[in-house]
Amino acid sequence: MAYKFVDNYRERGARKKLVEHLKGRGIEDQKVLEAIGKVPRHFFFDETFWNQAYRDIAFPIGDGQTISQPYTVAYQSELLHVKKGDKVLEIGTGSGYQTCILLELGAEVYTIERQESLYQRTIQVLPYMGYKAKFFLGDGSKGIAEHAPYDKIIVTAGAPFVPEIMLKQLKVGGIFVIPVGDEKSQKMVTIIRVGENDFDRIELDTFRFVPLVGDQAW
Ligand code: SAM
């Protein structure tokens with residue numbers, strides 16, 4: 001497979017600037033900033049668009065989907081408080097960029113994507129880059145019950161509601177991060193499972209994600 005993976009001076013410099021920019025926007029978690037500083041985001045872009053890779057913007061990755069904006073990736077990653085060895089479920093693999101950030105944070109990542117072309121690309125590109133996750137193809141709006149429970153769950157598409165079925169797949173003490181709202185805007189919601197049937201919910205800033213489509217979604 002002919003991928004062009006060159007991480008040269010120009011891209012490394014742009015990545016450093018992106019980290020400074022994210023600090024300026026309020027991202028404080030040093031490990032998250034280090035991960036952003038390590039993962040070559042331009043590898044997820046066609047070479048023609050490498051000059052866009054370190055701008056703080058979402059970008060089309062085909063099939064009507066986007067690689068999330070770096071700020072959004074950093075924001076969600078910070079909320080997850082990933083510890084080394086955490087078992088993390090990611091819904092919406094997309095380009096695989098967020099997956100790489102979670103792996104850099106030391107997580108064991110289970111990631112699911114519903115679009116086959118994106119799934120096929122990530123199962124080749126990520127291992128080629130040296131990133132090892134467990135990849136799944138299918139409807140992640142139901143989580144992945146077979147591999148539950150998880151320490152953390154992150155949803156990277158906008159949901160109309162919090163899928164109950166996913167809450168059950170979270171360990172007690174676990175953290176769930178999901179954008180919830182309508183098609184136009186979503187509030188970032190963090191849910192902590194404080195007891196078997198006890199959940200603390202916090203609503204944070206507003207974002208705009210592509211929709212979570214599936215059985216427990218749009
Ligand atoms: N985290 C990704 C990245 O870094 O590139 C960005 C993901 S993109 C904003 C959201 C992804 O969620 C899309 O690739 C979309 O196909 C996927 N998606 C939407 N509904 C889904 C579902 N029910 N199960 C799995 N993936 C889904």
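So, helices here are DSSP runs of H or I with at least four residues, strands are runs of E with at least two, and both are numbered from the N terminus. With that in hand, look at α4: right after this helix comes G106, with a positive phi near 95°.

Quick housekeeping. This is a predicted model, where local features need pLDDT of at least 70, side-chain atom pairs count only at pLDDT 80 or more, and totals for chains, interfaces and linings use all residues. Residues are numbered from 1 along each chain as its sequence is written, and side-chain values use heavy atoms, with hydrogens and water left out.

Back to α4. Seven of its eight residues are buried (under 20% relative accessible area, 1.4 Å probe, protein chains only), so the helix is largely enclosed by the rest of the structure. Among those buried residues are Y97, Q98 and C100.

Now, the ligand. Which residues come nearest to the ligand? Of the 27 around it (a heavy atom within 4 Å), those are S95, E113, D139, G140 and V213. α4, β2 and β4 each supply at least two residues of this shell, and β2 gives the most, with three.

Then the polar contacts, meaning pairs of N or O atoms within 3.5 Å; within protein, one must be able to donate a hydrogen and the other to accept it, and residues adjacent in sequence count only if both atoms are side-chain atoms. The E113 side chain has an N or O atom 2.6 Å from a ligand oxygen. For D139, a polar side-chain atom lies 2.9 Å from a ligand nitrogen. And at G92 a backbone N or O atom is 3.5 Å from a nitrogen of the ligand.

Definitions and conventions:
Buried means under 20% relative accessible area, exposed over 50%, partly exposed in between (1.4 Å probe, protein chains only).
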